[in-house]
Amino acid sequence: MKSSSSFASSAFAFCALAAAMLTLTGCPTQQLSQPTVSFARQTTYGDSKSVETVTNEFGSTDLQMIAEKMVGSLLEDPILQNRPTLTLTAVRNKTSEYIDTKSIMNTIQTALVKSRKVKFTRSADEMQTGVDELQRQNQSGLYKSQGKAKIGNMSAAKYSLEGEIVSIVKQSVNTKDVFYKMTLKLYDVEDGSIEWQDEKEIRKTTKR
Amino acid sequence: MSPYSRKIVAASSLILLAAAVFAADPVPPAVSAGIAAKLIVRGDLQGLQVVDLRSQRRNDVMVVQAEVNNNDARDLRLYYRFRWTDASGMQVGDGEVWKPMVFLGKQSQILKGTAYGPQAIDFKLEMSSEPR
């Protein structure tokens, strides 16, 4: 009797304490649902600016760091003082892996265009689309004379931006080291001289 | 306890107390309040400290240089990026990528950032660090 009454009083004390804690902390609020399609949440969005170190192959962070360095270096240079016209040429991939060098140049071009300090003209691989549009406006007979783009008025590029990316890979039993170097040059189209040049080096090391 | 043992215990306690006192004094992220006003620090920089911060305009774009010291003997990895704003406080550009930089123990390095265009007139340096 004595043991059962002591147990009962202990249980009562525990319940009273739990009730008091709940009252003080408040009832847990109901978790709100989120506007997502999949409830399993196996895939999530990440930060596109965060550092990616999934493997030591060329990655998104390398692309962004290279573009940032090159754009910053070009913007500081007095060669861009009078808003010159530029064109992009091929960036040679001299590494042993697949790298979309056009996407590096697109990122650089986007930043330079948004700075309003340069004017880009169509690159060689973009010319056909422009020529097709001009021909459509002038030779199809569909467009009014006023307002249509005239053939023969394209601006030629004063400078061309070209470069290459190389890599040096070294590995031992427990270390793999990859060194990337991207070199970008600004050529004067008319006289062929290099007016600006810079490079970005990246080292990625993996412990096996 | 013998008098010799008591002395050992007392000395050990003093040493532990001194270590606790010095350990409890973290290195501030900036060497001055003026520099600290330009920093956005995530948590504790674990011994990294910005000792110099200067900016200038080159070809009408803002260029910023920060000198960072590692006051700790451990190697640390710093993640940093610059945030640029225009005259009305609006962010210029879509935000920079986080850039990693390794600091050996007691090493000093320079961080450099160039704004996206002439409209950027102010900046903040965002930093986060971890042991290497």
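**A tour of chains A and B**

Select strand β4 (residues 76-85) and strand β7 (residues 122-131) of chain B, which pair in the antiparallel sense over 10 bridges; strands are DSSP runs of E of at least two residues, helices are runs of H or I of at least four, and both are numbered from the N terminus. Two strands pair if DSSP finds at least two bridges between them. Within this pair, B:Trp84 has B:Phe123 of β7(B) as its bridge partner.

This is a predicted model, in which local features need pLDDT of at least 70 and side-chain atom pairs count only at pLDDT 80 or more, while totals for chains, interfaces and linings use all residues. Residues are numbered from 1 along each chain as its sequence is written, and chains are lettered from A in the order in which they are written.

Next, widen the selection to the open sheet of 4 strands in chain B, ordered β1-β7-β4-β5 with mixed pairing. Its edge strands, β1 (39-41) and β5 (99-103), each pair on one side only.

Now turn to chain A and select helix α3 (residues 101-115). Among its buried residues (20 or more other C-beta atoms within 10 Å of their own, C-beta atoms being placed from the backbone) are A:Ile104, A:Ile108 and A:Leu112. The buried residues of α3(A) fall within an arc of 165°, taken from the directions from the helix axis to the C-beta atoms, so they line one face of the helix. After α3(A) comes A:Arg116, with a positive phi near 65°.

Finally, display the contact between the chains (C-beta atoms within 7 Å), which takes 19 residues from chain A and 14 residues from chain B. On the side of chain A, α2(A) supplies the largest share, 7 residues.

Key:
Expected span 1.5 Å × (residues − 1). Buried ≥ 20, exposed ≤ 12 C-beta atoms within 10 Å, placed from the backbone. Contact = placed C-beta atoms within 7 Å.
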